[in-house]
Amino acid sequence: MPGGQSERILGECLACRSVYAAQQWADGAIKPIGAKNGCRCGSTEFRAIENPTLDGRQEEDPIGE
Ligand SMILES: [Zn+2]
């Protein structure tokens, strides 16, 4: 499992917007740390939050497919 290919990030659940400490892997997979089965809401889809701001500002930038 440990491959040194992951980056520590914050991951936001696409369904309920809960934020988890997560790891992003080289293939783009985002896996919340300590939530191996995904979000407690049941979703397993997350997006990376890079450079989280401390002032609570959030932007809804569309993510290209
Ligand atoms: Zn969720």
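Strands, as the term is used in this tour, are DSSP runs of E of at least two residues, numbered from the N terminus. The model on display is a predicted one.

**First stop: the loop residue Trp25**

Select Trp25, which lies in the loop between β2 and β3. Is Trp25 buried or exposed? Trp25 counts as exposed because it has 12 C-beta neighbours inside 10 Å, and a residue is classed as exposed when that count is 12 or fewer. Next, add Gln5 and Ser6 to the selection; Trp25 is in contact with both, leaving aside its neighbours within four places in sequence. Then display Arg8: its C-alpha is 9.0 Å from that of Trp25, although 17 residues separate the two in sequence.

**Second stop: the sheet**

Now show the strands. Four of them form an open sheet, in the order β3-β2-β1-β4, with antiparallel pairing. At the edges stand β3 and β4 (46-49); each has a single partner strand, so one side of each is left without a neighbour in the sheet. From one strand to the next, the twist averages 50°.

**Third stop: β1 and β2**

Select residues 7-13, strand β1, together with β2; the two pair in the antiparallel sense over six bridges. One residue to locate here is Glu7, whose bridge partner in β2 is Gln24. Follow the chain into the hairpin of these strands, where five residues lie between them and Arg17 takes a positive phi near 65°.

Keep β2 (residues 19-24) in view and compare its faces. Tyr20, Ala22 and Gln24 belong to the covered face, whereas Val19, Ala21 and Gln23 belong to the uncovered one.

**Fourth stop: β2 and β3**

Add residues 30-32, strand β3, which pairs with β2 in the antiparallel sense over three bridges. Which residue of β3 is the bridge partner of Gln23? That partner is Lys31, and Ala22 has Pro32 as its bridge partner in β3. In the hairpin of β2 and β3, again look between the strands: there are five residues, and Gly28 takes a positive phi near 95°.

**Final stop: the core**

Select Ile9, Cys13, Tyr20, Ala22, Ile30, Cys39 and Phe46; these seven residues make up the largest nonpolar core. Strands β1 and β2 each supply at least two residues of this core.

End at Phe46. Not counting residues up to four places away in sequence, Phe46 touches several residues, including the core members Cys13, Ala22 and Ile30. Also among its contacts are Gly11, Glu12, Leu14 and Pro32.

Technical notes. Residues are numbered from 1 along each chain as its sequence is written. This is a predicted model: local features need pLDDT of at least 70, side-chain atom pairs count only at pLDDT 80 or more; totals for chains, interfaces and linings use all residues. A residue is buried if 20 or more other C-beta atoms lie within 10 Å of its own, exposed if 12 or fewer, and partly exposed in between; C-beta atoms are placed from the backbone. Helices (H or I, at least four residues) and strands (E, at least two) are DSSP runs, numbered from the N terminus. Two strands pair if DSSP finds at least two bridges between them. Two residues are in contact if their C-beta atoms, placed from the backbone, lie within 7 Å. A nonpolar core is a set of buried Ala, Val, Leu, Ile, Met, Phe, Trp, Tyr and Cys residues joined through C-beta atoms within 7 Å. Axes are lines fitted to C-alpha atoms, for helices over the stretch in contact, and angles run from 0 to 180 degrees between N-to-C directions.
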